[in-house]
Amino acid sequence: MQNNNARRRKPPPSFIKNRENNRESLKTCGMLLIQTMMMRITREGQGSKKLCLYMDEMLHSIFFLGYIHQDRLIPDDFFEISTAQQDMCNMFPGPFRKYNSHLPTRTPFSILLDMMEMLYSTERIKEELLHLLKEMKFPNPLHKPGSKPEQYYTLESTVICECSDSDSQKHYGASLCCRKGAAKKILIDLSCLKTWHKYVSHAVMSFSSGAGDGITFPESLRCQAYVRNWKTNVYEERNPCFNCGNLFNLQDADLDKVEYPFGNCAETECLSKLLINNQYMHENAVINNHTEENVEELRSSTKAHLIEQLVKVGIKVNDNNLLFYSPFQMQTGD
Ligand SMILES: [Zn+2]
């Protein structure tokens, strides 16, 4: 082992610096998100059990992402003072015990979106989210094309999506905020197996495996993604990327943009929520080859791929039995 290390070329100082920055960035984002949402919960009245359950789920998701990060973070790392850590542990014991044995079903930012939907009317979501993001001051991820190492780890989903059936109730989704290492692939696989509507999972899994069964939605679908402009703190409209154009047969897709894996974009979570909550959409959306055998085959290869990834990042997987974290376990004392 030592010989191998001695022979390996020493990484340049800039590489070490970037790696350190990324670790610190994840820590800072985690701390900011935890502190800010705890303040909101206190302000909105602790009586809200549902907000506390979201907080519990969010803590678990943050700790899981920290643990699978290349420079492994443990829950203690997210707290500067041990009393704050102890208080949180007393209030939310589940995430502190299960961050590396149980799997999250979504990212901290997706949970944040649900909290915002609970606190504010759908018309105010974008505005309130901008307000919150400004207050949190997440580190700038520094999007520089061609300079990938300079992108910091952030827990912010820079793109969100709003969709509805005609202009009835709006639903919101976020892009995957974990941009480093295996986290993105793991979250996409987890979402396919556990979180997303069966049509969305089918579409993502089939395109990822090279087949390509896209969903066609009724004409009443409204779907618009927004990207946050860092300088002005405003959400600006953004066209779907090439992959989303294929997955969901969306018009006006940007044919040059293929930089994200299938399932990464905000459209995925948003359209999944729409299909789950809107009966008309669910009954009238069309997807080819949606047979039990086909879906089962896709699910088993996704599961095998996921287990492989989880083992690599040090998550204990017990005989193919994936344990998902549920904040409701808190109440049953499990
Ligand atoms: Zn996309």
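Begin by selecting Ile34 in this predicted model and showing its neighbours: leaving aside residues up to four places away in sequence, Ile34 touches Met55, Leu59, Ile62, Phe63, Phe78, Phe79 and Met88.

Next, widen the selection to the largest nonpolar core, which has 96 residues and in which Ile34, Met55, Leu112 and Ile215 are the members that touch the most others. Helix H3, residues 49-67, gives the most to this core, with 11 residues. As a general background to such a selection, nonpolar side chains in soluble globular proteins tend to be buried together.

From Leu112, move on to a pair of helices, H6 (residues 108-119) and H7 (residues 125-136), whose axes come within 10 Å and cross at roughly 125°. Because angles between 115 and 145 degrees fall outside the parallel, antiparallel and perpendicular ranges, H6 and H7 are oblique to each other, and their crossing is right-handed. To see the contact itself, select Phe109, Leu112, Leu113, Met116 and Glu117 on H6, together with Ile125, Glu128, Leu129, Leu132, Leu133 and Met136 on H7. Coloured by residue class, this contact of H6 with H7 shows 9 nonpolar residues, no polar ones and 2 charged ones.

Finally, turn to helix H9, residues 198-208, and helix H11, residues 266-277, which pack at an angle of about 145° with their axes 8 Å apart. The residues to select here are Tyr199, Val200 and Val204 from H9, and Thr268, Leu271, Ser272 and Leu275 from H11, which make the contact. Coloured in the same way, the contact of H9 with H11 divides into 5 nonpolar residues, 2 polar residues and no charged ones.

Notes:
Residues numbered from 1 in each chain as written. Predicted model: local features only at pLDDT ≥ 70, side-chain atom pairs only at ≥ 80, totals over all residues. Heavy atoms only, no water. Core = buried A, V, L, I, M, F, W, Y, C linked by side-chain atoms within 4.5 Å. Buried < 20%, exposed > 50% of the residue type's maximum accessible area, 1.4 Å probe, protein only. Helix = DSSP H or I, 4+ residues; strand = E, 2+ residues; numbered from the N terminus. Contact = heavy atoms within 4.5 Å. Axes fitted to C-alpha atoms, helices over the stretch in contact; angles between N-to-C directions. Parallel < 35°, antiparallel > 145°, perpendicular 65-115°, else oblique. Left-handed = near helix turned anticlockwise from the far one by under 90°. Nonpolar A, V, L, I, M, F, W, Y, C, P; charged D, E, K, R; others polar.
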